[in-house]
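Hello,

Here is the structure I said I would pass on. My notes follow below it.

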Amino acid sequence: MFAIDPTITYESRAAMYTDLQRQLQSLLHGERDFIANTANCAALIYQMVPDLNWAGFYFLRELEGGKQELVLGPFQGKPACVRIPVAPVARGVCGAATATRITQRIENVHDFPGHIACDGASLSELVVPLIVDGRVIGVLDLDSPKLARFDAEDQAGFEAMAAILLSASDA
Ligand code: SME
């Protein structure tokens, strides 16, 4: 049985992410359902990674007239805004990650034009686009109540988590 232990401490951030990636692989083993796997991925991250107040997913939806929106998926944390516009005009950190296909690492969300405040406690944010066959299908969104919570090591760690999730799932 897979066990999550939030009391574990690590010698370094890199060691934490190596263990987190190993745990994610083991958690997703034998299951390819994307909703189930994103739900467990969000729960694992939220339980194991310190200083987060929100961890979860938005999925890209194509609407009539070429409109695109991100729609809320599995997450842990306070209830969040359900829809985030992407096209014709991208909004928020999540919209920017989707439109640019580039991970957004924001030290202070109040300095980000158009930031969408779902939880007033959020001060920094990391959003990783989920890319399948060259198309963005959604984002992994992480919020922290600490300023500049995410550094380049965190970014690399969460990008690797997103890659594991996508290769283990039928997205
Ligand atoms: N802050 C995000 C919106 C999603 S919530 O953080 C969960 C943004 O600006 O896109």
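The ligand fills the space that is the largest cavity in this predicted model. Taken alone, the ligand exposes 310 Å², and the protein buries 100% of that.

**Around the ligand**

The shell holds 13 residues, and those that come nearest are Val93, Cys94, Ile116, Glu125 and Asp143. By class, the shell has 8 nonpolar, 2 polar and 3 charged residues.

Three elements each supply at least two residues of this shell: strand E1 (54-62), helix H3 (92-100) and strand E6 (135-144). The largest share comes from H3, with 3 residues.

Some polar atoms of the protein lie close enough to the ligand to list with their distances:

- Ile116: a polar backbone atom is 2.7 Å from a nitrogen atom of the ligand.
- Cys94: a backbone N or O atom is 2.8 Å from an oxygen atom of the ligand.
- His115: a polar side-chain atom lies 3.5 Å from a nitrogen atom of the ligand.

Cys94 and Ile116 thus appear both here, through backbone atoms, and among the residues that come nearest to the ligand.

**Backbone points to look at**

Which peptide bond is cis? The one from Ala87 to Pro88, with omega near 15 degrees. Pro88 is in the loop between strand E3 (83-87) and H3, and H3 is the helix that gives the largest share of the ligand shell.

Two residues other than glycine have a positive phi, and both are in loops. For Asp51, phi is near 65 degrees. Asp51 lies in the loop between helix H2 (34-48) and E1, and E1 is one of the elements that supply at least two shell residues. For Ala148, phi is near 50 degrees. The loop that holds Ala148 runs between E6 and helix H4 (152-167), and E6 likewise supplies at least two residues of the shell.

Are these two residues buried, exposed or in between? Asp51 has 37% relative accessibility, so it counts as partly exposed. Ala148 is at 41% and therefore counts as partly exposed too. The limits behind that label are 20% and 50%, with partly exposed in between.

If you open the model, you could begin with the ligand and Cys94, whose backbone atom is at 2.8 Å, then go to Ile116 at 2.7 Å, and finish with the cis bond before Pro88.

Best regards

Methods
Residues numbered from 1 in each chain as written. Predicted model: local features only at pLDDT ≥ 70, side-chain atom pairs only at ≥ 80, totals over all residues. Heavy atoms only, no water. Near = heavy atom within 4 Å. Polar contact = N/O pair within 3.5 Å; in protein donor to acceptor, adjacent residues only side chain to side chain. Areas by Shrake-Rupley, 256 points an atom, 1.4 Å probe, with all protein chains shown as cover. 1 Å grid on protein atoms, 1.4 Å probe; cavity = no way out; pocket = protein on both sides within 12 Å on 5 of 7 lines; lining within 4 Å. Sits in = over half its atoms within 2 Å of the grid points. Helix = DSSP H or I, 4+ residues; strand = E, 2+ residues; numbered from the N terminus. Nonpolar A, V, L, I, M, F, W, Y, C, P; charged D, E, K, R; others polar. Buried < 20%, exposed > 50% of the residue type's maximum accessible area, 1.4 Å probe, protein only.
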